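Biologist: I should like to learn how the features of a model such as this one are read. May we go through them one at a time?

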Amino acid sequence: MTRVIVVMGVAGTGKTTVGRLLADALALPYAEGDAFHPAANVAKMSAGTPLDDTDRRPWLDSIGEWMRNRARVGGGVISASSLKRAYRDRLRAVAPDTVFVHLTGDRPLIEERMAARTGHFMPTTLLDSQFATLEPLQPDELGVLVDVSGAPEEITARALAALRDLPAPVA
């Protein structure tokens, strides 16, 4: 697969873990979307304040630049929440064959996983705002829904199977 794959979903769904495993399985480079946030965004989220669309614009543009470059040279995998359709449209504008792997799950499971992780700037108090912002993939968006129950390897296997069922990219 030569597309850019965006592993999306609310905080705590395992985007980073699954993204890395997907990239390894597909022999593609991986990028952590959180690394593209300006310091002001990280500080805002660390303080428990949700980002707004203005905050996300430079972040999305930085991710888009990485995606544009990777689309030209064989694809890649990046984790990025991509919660709103407008955000995904902005990313698709620079890499039209992008596929979104939407990690989904029950809120209690996701909250439990968020509470268990260490060293991450996103507090569990922002989970409500994440779910409130989330606009699931629409039928006209190229992507797959993948349940996050089970071990990371199981989730990745489901994602790989779903990706195999997608039509090939347009040359």
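Biologist: Is R92 buried or exposed?

Modeller: This is a predicted model, and within it R92 has a relative accessibility of 16%. Residues under 20% relative accessible area are classed as buried, so R92 counts as buried. The residue belongs to helix α4.

Biologist: Which residues is R92 in contact with, leaving aside its neighbours within four places in sequence?

Modeller: With those neighbours set aside, R92 is in contact with R85, T98, F100 and E141. As for R68, its C-alpha lies 9.3 Å from that of R92, while the two residues are 24 residues apart in sequence.

Biologist: Let us turn to strand β4, where H102 lies. Is H102 buried or exposed?

Modeller: The relative accessible area of H102 is 3%, and the residue is therefore buried. When residues up to four places away in sequence are not counted, H102 touches M8, G9, L134, P136, L137, V144, L145 and V146.

Biologist: How should the sheet be read, and what is the order of its strands?

Modeller: The general idea is that strands of a sheet pair through backbone hydrogen bonds, in either a parallel or an antiparallel sense. Here five strands form an open sheet in the order β2-β3-β1-β4-β5, and the pairing is parallel. Strands β2 (30-32) and β5 (143-147) are at the edges, each pairing on one side only. On average, neighbouring strands of this sheet are turned by 20° against each other, direction ignored.

Biologist: Over how many bridges do β1 and β3 pair?

Modeller: Strand β1, residues 4-8, pairs with strand β3, residues 76-79, over four bridges in the parallel sense. To take one residue, I5 has V77 as its bridge partner in β3.

Biologist: Which strands does helix α7 lie across?

Modeller: Helix α7, residues 152-164, lies across β1, β4 (99-104) and β5. Relative to β5, the helix runs at about 155°.

Biologist: At what angle do α1 and α7 pack, and how is that angle to be described?

Modeller: Helix α1, residues 15-26, packs against α7 at about 55°, and the axes are 9 Å apart. Angles of 65 to 115 degrees would count as roughly perpendicular, and those under 35 degrees as roughly parallel; α1 and α7 are therefore oblique to each other. Their crossing is right-handed.

Biologist: Which residues make the contact between these helices?

Modeller: From α1, the contact involves T17, V18, L21, L22, A25 and L26. From α7, P152, E153, I155, T156, A159, L160 and L163 take part. Sorted by class, the contact of α1 with α7 comprises 10 nonpolar, two polar and one charged residues.

Biologist: Finally, I should like to consider backbone angles. What is phi of A27, and where is A27 placed?

Modeller: Phi of A27 is near 55°, a positive value in a residue other than glycine. A27 is placed in the loop between α1 and β2. With a relative accessible area of 69%, A27 is exposed.

Biologist: And S82: where does it lie, and is S82 buried or exposed?

Modeller: S82 lies in the loop between β3 and α4 (85-94). S82 also has a positive phi, of about 45°, although it is not a glycine. Whereas A27 is exposed, S82 is buried, its relative accessible area being 0%.

Notes: Residues are numbered from 1 along each chain as its sequence is written. This is a predicted model: local features need pLDDT of at least 70, side-chain atom pairs count only at pLDDT 80 or more; totals for chains, interfaces and linings use all residues. Side-chain values use heavy atoms; hydrogens and water are left out. Two strands pair if DSSP finds at least two bridges between them. Helices (H or I, at least four residues) and strands (E, at least two) are DSSP runs, numbered from the N terminus. Axes are lines fitted to C-alpha atoms, for helices over the stretch in contact, and angles run from 0 to 180 degrees between N-to-C directions. Contact means heavy atoms within 4.5 Å. Angles under 35 degrees count as roughly parallel, over 145 as roughly antiparallel, 65 to 115 as roughly perpendicular and the rest as oblique. A crossing is left-handed if the near helix is turned anticlockwise from the far one by less than a right angle, and right-handed if clockwise. Ala, Val, Leu, Ile, Met, Phe, Trp, Tyr, Cys and Pro count as nonpolar, Asp, Glu, Lys and Arg as charged, and the others, Gly among them, as polar. Buried means under 20% relative accessible area, exposed over 50%, partly exposed in between (1.4 Å probe, protein chains only).
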